[in-house]
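User: Please guide me through reading this model, beginning with how its strands are defined and paired.

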Amino acid sequence: MASNQILTVSQMQAAEQALVDAGETVSTLMERAGAGAADWIWRVAAGRAVTILCGPGNNGGDGYVIARVLAARGLTVRVIAPFSPKTPAARAAREAWGGEPVETAKGGVFVDCLFGSGLARALDQVLETRLCELAAAHDLCVAVDVPSGIDCDSGEVLNDTLPIYDLTIALGAWKFAHWMMPAMQLMGERRLVDIGVAFDWDAAQLAERPVLSPPEADAHKYSRGLLAVVGGEMPGAGVLAASAAMRGGAGYVKLYAGAEPGLVPPDLVVVHDGLDELLADERIAALLVGPGLGRSEEARARLAFVLGCDLPTVCDADALHLLTADMLEGRLSPLIVTPHAGELDALGHTFGSVGLDRVEQVSDLAEALEAVVVAKGPDTMLGAPGTPVVVMPPASAWLSTAGTGDVLAGLIASRLAVGMDSPLGIALEGCWLHREAARLAGPAFSAGDLLDHIPDAYGVLL
Ligand SMILES: NC(=O)C1=CN([C@@H]2O[C@H](COP(=O)(O)OP(=O)(O)OC[C@H]3O[C@@H](n4cnc5c(N)ncnc54)[C@H](OP(=O)(O)O)[C@@H]3O)[C@@H](O)[C@H]2O)[C@H](O)CC1
Ligand SMILES: [K+]
């Protein structure tokens, strides 16, 4: 059964080998992959001619299967073959197709079966130009497995100019490139064809939508979770995070930051003095520290104090620049950190995970901090100790505006105060609320506008 697992090229090769060991042949897998891809192409072609560019490997082999299946269904199919097939399965697929390749074609649907997971280097100039010209000469572009010219594991785009596809049909399992920047920008719509690959417990996952619960009938503000948000020099960020948290499920949110009354919504409780007194309240279920904290010595001391309370905590923004290993010593409570790319690098320098690719960096940091790492961005990725990474499907690009990170931190902290799931599950709940709120907010919203859409986003997840 097709699942949401994301496999590396070597995991994919091992999965293919396991199927072969169990009695399948590469040709039967190719047949399944090609037939599944042909189904999707048949739908989008809607009677139009199809041009398939076939490479030398098994991705090209898939192309010959697709050509045969679509021609048998009555479509006009043109195959362009700059290479002869090099693998036994691809050779057999070309023979079974039995047609004559053409030099070029235009109009209808273009299908890229040039290279898949076996791409070993950037396309040379001749191939790059040919691929782009063919894509431009057709009405619709489909990539089979992955677009040619990208690295499946890192999501790197190896050529300067590559087509942007309308549809990418992943074969057997998702690859990281389908969901990671910058390659994910080329994919268009994504669909997965099941070829019988088994579930791998060591594989990364594409996040699935969580299901939230409404409060119990006898709930009160403390049973739903009391969250304390600890800010500092720039109270606006703390207000934003706390305002998001009030809508994220927690029953009670208190903000400790020097916020002026005019800045604070009437339903947010602001505490001005006595951080130690506030945090001594045994009813506190979770803490958020970082948005608007500042990076002064006072901020550092405040962060150390907050972490020393050993309560379930979300660390964001400035806190991620100040965080050091000694502040985490002896902590037993869950910790969730929510770095953007710059903060991830800063943490990497402090905790010794530099020079790694993004997936390794997130996993390493999760182990080093014994925390859930929410590496936020256009390809938000979550890591937790001892667990493969989880990748969020893309969210609205309008989230790229100041303050939306504070909203995310507030939402995750709110879910932490509610505390109904594992720390990783809690972080995912916050990310989904954020993503749904952004979807509902439409275009050109501010971080403050996002707050108004959190209740409806919650409704989507109930
Ligand atoms: N994994 C599965 O279960 C199945 C996968 N299928 C499909 O197979 C491809 C992967 O096939 P593979 O043969 O490993 O790789 P490719 O088709 O991507 O291409 C490899 C050949 O291309 C040459 N190559 C690589 N990079 C370049 C380049 N930049 N320029 C020119 N030539 C290049 C490479 O030769 P070398 O020169 O590097 O030695 C290979 O000849 C997967 O993506 C699926 O589409 C099957 O359907 C079965 C199930
Ligand atoms: K391809």
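Analyst: Two strands are taken to pair if DSSP finds at least two bridges between them. The strands themselves (E, at least two residues) and the helices (H or I, at least four) are DSSP runs, numbered from the N terminus. This is a predicted model, in which local features need pLDDT of at least 70 and side-chain atom pairs count only at pLDDT 80 or more, while totals for chains, interfaces and linings use all residues. Residues are numbered from 1 along each chain as its sequence is written, chains are lettered from A and ligands numbered from 1 in the order in which they are written, and side-chain values use heavy atoms, with hydrogens and water left out.

User: In the hairpin of strand 16 and strand 17, which residue takes a positive phi?

Analyst: Strands of a sheet pair through backbone hydrogen bonds, either parallel or antiparallel. Strand 16 and strand 17 pair in the antiparallel sense, over three bridges, and alanine 384 has threonine 387 of strand 17 as its bridge partner. Two residues lie between the strands of this hairpin, and glycine 386 takes a positive phi near 70 degrees.

User: To what strand order does this hairpin belong, and with what pairing?

Analyst: The order is 1-8-17-16-15-14-13-12-9-10-11, an open sheet of 11 strands with mixed pairing. Its edges are strand 1 (5–6) and strand 11 (269–271), each paired on one side only. Strand 17 (residues 387–391) also pairs with strand 8 (residues 204–206), here in the parallel sense over two bridges; glutamine 205 stands opposite valine 390. Helix 12 (residues 358–369) packs on this sheet, touching strand 14 (335–337), strand 15 (372–375), strand 16 (381–384) and strand 17, where contact means heavy atoms within 4.5 Å. The direction of helix 12 makes about 35 degrees with that of strand 16. Such angles run from 0 to 180 degrees between N-to-C directions, the axes being lines fitted to C-alpha atoms, for helices over the stretch in contact.

User: What is the order of the open sheet of six strands?

Analyst: That sheet has the order 3-2-4-5-6-7, with parallel pairing. Strand 3 (77–80) and strand 7 (189–193) form its edges, and neighbouring strands are turned by 20 degrees against each other on average, direction ignored. Strand 2 (residues 50–54) and strand 4 (residues 109–113) pair over five bridges, with leucine 53 opposite aspartate 112. Helix 3 packs on the sheet, and its direction makes about 155 degrees with that of strand 2. In the loop between strand 6 and strand 7 lies proline 182, joined to methionine 181 by a cis peptide bond with omega of about -5 degrees.

User: How many residues surround ligand 1, and which are the closest?

Analyst: A residue counts here if one of its heavy atoms lies within 4 Å of the molecule. There are 22, the closest being Asn58, Asn59, Asp62, Gly116 and Asp145. Aspartate 145, in the loop between strand 5 and strand 6, has a positive phi near 70 degrees although it is not glycine. Helix 1 (9–21), helix 2 (26–45) and helix 3 (58–72) each supply at least two residues of the shell.

User: Which backbone atoms are polar partners of a nitrogen atom of ligand 1?

Analyst: A polar contact to the ligand is a pair of N or O atoms within 3.5 Å. A nitrogen atom of ligand 1 is 2.9 Å from a polar backbone atom of arginine 121, and a nitrogen atom is 3.2 Å from one of alanine 122.

How values were computed. A polar contact is a pair of N or O atoms within 3.5 Å; within protein, one must be able to donate a hydrogen and the other to accept it, and residues adjacent in sequence count only if both atoms are side-chain atoms.
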